[in-house]
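User: Please take a close look at one residue on the surface of this model and the patch around it. Then set that part in the context of the whole structure, with the cut-offs behind each term.

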Amino acid sequence: MKRHFLLSLLSLAVIFLVPMIASASETQSIESTLKHGLNPSVLIGFAAILIFAKLGGELFERFGQPAVLGELVAGILVGSLTLFGFQSVDFLKNNEIIGALAEIGVIILLFEVGLESKIGDMLKVGWSSFLVAVAGVIVPFILGWIVAAYFLPESSQLTHIFIGATLCATSVGITARVLKDLGQLSTKESRIILGAAVIDDILGLLILAVIGGAINAAQTGTALSTIEIVLIAVKSGVFLVGAIAIGHFIVPQLFRHAGKL
């Protein structure tokens, strides 16, 4: 009952927040959709995505693998159809409606995982998560740098570094979904992995900020803006600490009062 109430509340929040966070062009597209109705091709494409994802997930589950791996493979296959001359699904790649639904799906997935996670349990494995995250950033960064330098010797050093930096990012959503499909969300190892994924994202964001600033400085002939990098680091830290504080102290009070309704 409590979970259904929380999911309903989250769904309402997402419905009201989507128009606020959408860009001007996306807002116009959503308004056009509401006014003229949903394009049938978008609906058919969305149905095809669900069908292929479900079939891929079912197939991988029969081989003892997480369903999300099958869904990812199905998405890759559908997205690659244009390489074989099938252009009918190409419009789905940049469709605002499909993109919005995908974002909502990720939000709900992480929300469900959050219901089964406790801050205290995450803090107990804090140092382990930090060490895993650091290794998970340094190793892909160096390997990506080396491989890029090997395959793209004519490109600049900044290009090689940028490719290595892009490999530092992870997907908390996919990580959480894999653990959920395996039924391992409550284990100590899962808490270490999830904690590392969060820290990994912050470190990856900082690295990309430094590399992006260096590339921009090289193109414009200016010095690297240290203030901008520090500002990004401060924003990331404040958001992480603030989200934990709000979730721990304010949200329980909010739901306690909401429950009286």
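Analyst: Val241 lies in helix H11; helices here are DSSP runs of H or I with at least four residues, strands are runs of E with at least two, and both are numbered from the N terminus. The model is a predicted one, in which local features need pLDDT of at least 70 and side-chain atom pairs count only at pLDDT 80 or more, while totals for chains, interfaces and linings use all residues. Residues are numbered from 1 along each chain as its sequence is written, and side-chain values use heavy atoms, with hydrogens and water left out.

Val241 counts as exposed because its relative accessible area is 58%. On this scale, buried means under 20% relative accessible area, exposed over 50%, and partly exposed in between, with a 1.4 Å probe and protein chains only. Together with Ile119, Leu123, Val198, Leu240 and Ile244, Val241 makes a nonpolar surface patch of about 490 Å². Two elements, helix H6 (119–124) and helix H11 (226–259), each give two or more residues to this patch. H11 supplies the largest share, three residues. Patches are made of residues with over 30% relative accessible area and no salt bridge, nonpolar side chains (Val, Leu, Ile, Met, Phe, Trp, Tyr) being joined within 5 Å and like charges within 9 Å. The areas themselves come from the Shrake-Rupley method with a 1.4 Å probe, and for residues only the protein chains shown count as cover.

The patch belongs to a protein with 11 helices and zero strands. From the N terminus on, its elements run α-α-α-α-α-α-α-α-α-α-α. The accessible surface of the protein comes to about 17,300 Å², and carbon and sulfur atoms account for 71% of that area. Of its 261 residues, 22% count as buried. Among contacts (heavy atoms within 4.5 Å) between residues at least 6 apart in sequence, 68% join residues at least 24 apart.

One buried position is Ser190, in helix H10 (residues 188–220). Ser190 is classed as buried because its relative accessibility is 2%. Its side chain is joined to that of Thr187 by a polar contact of 2.8 Å. Such a contact is a pair of N or O atoms within 3.5 Å; within protein, one must be able to donate a hydrogen and the other to accept it, and residues adjacent in sequence count only if both atoms are side-chain atoms. With neighbours within four places in sequence left aside, Ser190 touches Leu179, Gln184 and Leu185.

The charged pairs give a further view of how the helices are arranged. The structure holds three salt bridges, each being a side-chain nitrogen of Lys or Arg within 4 Å of a carboxyl oxygen of Asp or Glu. One of them joins Arg177 to Glu71, with the closest N and O atoms 2.9 Å apart. Arg177 lies in helix H9 (residues 172–182) and Glu71 in helix H4, so this pair ties together parts that are 106 residues apart in sequence. Glu71 is partly exposed, at 25% relative accessibility. Arg177 also meets Asp181 in a salt bridge of 3.0 Å, N to O. Arg177 and Asp181 are separated by about one helical turn, because they are four residues apart in helix H9. Asp181 is partly exposed, with a relative accessible area of 30%. Glu71, Arg177 and Asp181 are thus linked in a network of salt bridges.

Another salt bridge pairs Glu58 with Arg62, the closest N and O atoms being 3.3 Å apart. Both residues lie in helix H3 (residues 40–62), four residues apart, about one turn of the helix. Glu58 is partly exposed at 33%, whereas Arg62, at 66%, is exposed.

Helix H4 (residues 67–79) also contains Gly79, which is partly exposed at 32% relative accessibility. Gly79 and Asp90 are 11 residues apart in sequence, and their C-alpha atoms are 7.5 Å apart in space.

Confidence varies along the chain. The mean pLDDT (the predictor's confidence in each residue, from 0 to 100) is 78, and 85% of the residues reach 70 or more. Among the elements, helix H7 (residues 126–151) has the highest mean, 89, and helix H1 (residues 2–21) the lowest, 47. Over residues 9–28 pLDDT stays under 50, and the model has 11 contacts beyond four places in sequence for them. Where pLDDT is low, predicted coordinates should not be read in detail.
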